[in-house]
Each structure stands twice: as structure tokens, then as C-alpha cells.
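Q: I have a structure open in front of me and I am not sure how to read it. Could you walk me through some features, step by step?

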Amino acid sequence: MTALGTLDDLPPRYLDALAASSTQPLWPSMRSILPYDRPTNRTVPHLWRYREIRPLLMEAGELTPIEKAERRVLMLANPGLQGEPFATASIFFGLQLILPGETAPNHRHSPSAVRLIVEGDGAFTTVEGERCPMAKGDVILTPAQLWHEHEHRGSGPMVWLDALDAPLVTKMEAAYCIEGEPQNAGNRPDSSQTRFRRAGLLPYDRLGKVANSYAQFRYPWTEVRVALADLAGGAGPAEPVQLAYINPETGGSCMPVLGFSAIMLRPGETLAPPRRSSSCGFLVVEGSGEAEIDGKTLSFEENDVMAAPTHATLRLRNGSSREPAFLLQIDDAPMQRALGFYEEFADDRAA
Ligand SMILES: [Fe+2]
């Protein structure tokens, strides 16, 4: 690799002239803008322990009424990002609390959000007039610019993990939000229970039509869990048990920037996926075990959240020899694929 010239190599008179003309030489910054061989990560492997964060979230429920918060969220800030409130360079995670009787008012915004339900029941997210019940492990999409609001009609706290593409949208100086009147949602079941009830089947009137960008908003965990167990039943011991959340009309990723999938770790299993160019995070839905991310070991329990930088070496180990463990994976692979640089390094597995 060629050693490049530095700013010290240039005469002060020339540097002053560049600054006066609002220009900069690329070559002294070349290796930081385009690091050689692999990216330089600021994001570090990290785990947010739910049993430590939950009391702080509940205290937020006492300290700040919903009217003063709009969305009562504790953002998960990766320590490597030095104060930026993001889990990885491209993924925003927040734990959101809504209490019985509360409503998070109707709004829409340019970043896309996805809700991964952690605990509680009796709450709903209404997206463009479709009322989606929220139960543990469910994945609910509130895509960019679609109206959405949350309401809690049950008892006890309701908590979910928000996953947003906000780091990208804010970097683009394109993030904003507007408020709207409450939606008048009926009591009809959401489309996961009607139009998209079974994989491989579409409503007949959709044949030959241009696919909807967002056909299905809710992916119920009870059904995903059964599908994972069925997949495991037909898989060899070395085959990963992982299902991607897709748009049933396009067959593509359910969201354009962030990808969502569910992993089952069989009893005693260690999953060692290929090293990938994408960054990712995990929400533990059931079970406990250990994650090894770039050599750092993190012990996870139910409801914990983890983050891994781009190009990380990753292993996930189920701590139980009797029960399966289940994780939801969030990654930025769809955006990397769209931009044409997504890679998997199949020969570089964790040792
Ligand atoms: Fe929102």
C-alpha cells in the first residue's frame, strides 16, 4: 500500500489558499475515507441488559407523562459512537414504554420504524387505518411516511424495541415528522390474519398487479415460532434455522433499509454465520446463551438487545441443552444490497 502525502507536506500558503476557496486535498484523508482492506469501525460489540434498563424505563413512566414525551423512548447508544444515540452506524434502537390508557398520537415521518414487542399485551399500533395488535415477539412495520399511532387498552406496562433507519435519514438531512388527527381504525383483523394468512397464497385480485411496497404490516410471533420449529424439523444439524420477514407480494425484504429475520438456536447449538459486510443487532425473544462478536463475549438473557458492527465475526451459542432459544435479527443488508456492495465472507468463519 502506497504511503500518501500528508498535510505537513504542503506549504502553509497553499493550505490557506485551499481553505479560502472551501476546498480540501483528498490524498491526506484518503486512508480514513477509504480504509484499506476493511472498514474502520467506531461501533463496538455491545449488549443492553433488559433487567438493568427496565427499571429506568419504568421510572421514565413516572417522571414524564406521555403528553410531554409523545414517544417515551430510551435510546440505545452504542458506547463506540461517543454520544450519538444509535446502536450501530446505521441502526437506531430504542425501548419504548406505553402505560395503560395512554395514546402515542398519530404522526408520520421520513425515517422508517419497526416495532419488535418485548412485553405486555392489550396495546395496538394503527398503521394507515390498519389496527395491529401487539404481542410479545411480534414484528410490526410502520414504514416511511405512513401514518401510525399507538394506544394501550390493556393492563400493565407495554414495552417494545423500536428499530429505525434514522442514522441514514438524519445523515441525509432528510428526517422530519408531522402530526395528524387520530385515525379511525375499525376492529377488523390485520392483514396477517386475512389477506396474507398463509405463505404461498395471495388474494386472487392481486395477481398481475404492481406489487404494494408494503402489503403486510404485522408478523405475529406465534406463527413465526411455529414456522421456525417446522423449519428445524426438516433441517440438518449444520443448517441454520433462520427465517426472513419479507413482503408477501414482492418476495423481497419487508423494509428497504433494514432487514428483519428470526433465528432459532436449537438446544446446545452454536451458530457461526459467515462474516458479513452488514451491521446488525439482536433482540432475545426466548432463552439465554452467549454471543461472541469480534472476540468479545456477551452473555444474553431474554429481552436483552445486542449490536454488532459491520464486517464482524459472529457466533451465537444457546446456553441450554434442553430448550431452544429464539432471537430476532435486525441488519442493514437490504440497504447494502441496494447499493451494490453487500458481501459475505464464507471462508472467514469464526474459529
Ligand atoms: Fe413514529
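Q: Let's begin with the rings. How many aromatic pairs are there?

A: The count comes to two aromatic pairs. Keep in mind that this is a predicted model. One pair is Tyr-219 with Tyr-245, which is edge-to-face, with 5.3 Å centre to centre and 85° between the planes.

Q: Which parts does the pair of Tyr-219 and Tyr-245 tie together?

A: Tyr-219 belongs to strand β12 (residues 218-219), while Tyr-245 sits in the loop between β13 (241-244) and β14 (259-265), so the pair ties together parts that are 26 residues apart in sequence. Tyr-219 and Tyr-245 are both buried.

Q: And why is the pair of Trp-221 and Phe-326 called edge-to-face?

A: Look at the angle between the ring planes: over 60 degrees counts as edge-to-face. The planes of Trp-221 and Phe-326 are at 80°, with the ring centres 5.6 Å apart, so this pair is edge-to-face. Trp-221 lies in helix α6 (residues 221-233) and Phe-326 in strand β22 (residues 325-331), so the pair ties together parts that are 105 residues apart in sequence.

Q: Are these two rings buried or exposed, Trp-221 to start with?

A: Buried means under 20% relative accessible area. Trp-221 has 5% relative accessibility, so Trp-221 counts as buried. Phe-326, with a relative accessible area of 1%, is buried too.

Q: Where does Arg-131 lie?

A: Here we turn to charges over rings. Arg-131 lies over the face of Phe-124, 3.6 Å from the ring centre. You can also find Arg-337 over the face of Tyr-342, at 4.4 Å from the ring centre.

Q: Back to α6, please. What should its 13 residues span?

A: The expected span is 1.5 Å times one less than the number of residues. For the 13 residues of α6 that gives 18 Å, and the end C-alpha atoms are 18 Å apart, which agrees.

Q: Which residues in α6 are buried?

A: In α6 the buried residues are Trp-221, Val-224, Leu-228 and Ala-232. They cover an arc of only 75° around the axis, so they are on the same side of α6. On the face turned away from that buried side, you will find the exposed residues Thr-222, Asp-230 and Gly-233.

Q: What about the cysteines: how many disulfides does the count come to?

A: A disulfide is a covalent bond between the sulfur atoms of two cysteines. In this model the count comes to zero disulfides. Take Cys-177: the nearest cysteine sulfur, that of Cys-132, is 19 Å away. For a disulfide, the sulfur atoms would have to be within 2.5 Å. Cys-280 is in no disulfide either, and the nearest cysteine sulfur, that of Cys-254, is 16 Å away.

Q: Is Cys-177 buried, exposed or partly exposed?

A: Cys-177 is partly exposed, with a relative accessible area of 40%. Cys-280, at 9%, is buried.

Q: Which residues coordinate the iron ion?

A: To read a metal site, find the atoms that touch the metal, then see where their residues fall in the sequence. The iron ion is coordinated by the NE2 atoms of His-107, His-109 and His-148, at 2.1 to 2.2 Å. Along the sequence these donor residues are spaced H-x1-H-x38-H. Both His-107 and His-109 are buried.

Q: One last spot: in which helix does Ala-338 lie?

A: Ala-338 lies in helix α7 (residues 333-339). With 65% relative accessibility, Ala-338 counts as exposed. The C-alpha atoms of Ala-338 and Pro-256 are separated by 8.3 Å, although these residues are 82 residues apart along the chain.

Key: Residues are numbered from 1 along each chain as its sequence is written. This is a predicted model: local features need pLDDT of at least 70, side-chain atom pairs count only at pLDDT 80 or more; totals for chains, interfaces and linings use all residues. Side-chain values use heavy atoms; hydrogens and water are left out. Donors are N, O and S atoms within 2.8 Å of the metal (3.2 Å for Na, K and Ca); water is not among the atoms, so sites may look incomplete. Buried means under 20% relative accessible area, exposed over 50%, partly exposed in between (1.4 Å probe, protein chains only). Rings of Phe, Tyr and Trp (its six-membered ring) pair if their centres lie within 6.5 Å; planes under 30 degrees apart count as stacked, over 60 as edge-to-face and the rest as tilted. Helices (H or I, at least four residues) and strands (E, at least two) are DSSP runs, numbered from the N terminus. A charge sits over a ring if NZ of Lys or CZ of Arg is within 6 Å of the ring centre and within 35 degrees of the ring normal. The arc is that of the directions from the helix axis to the C-beta atoms.
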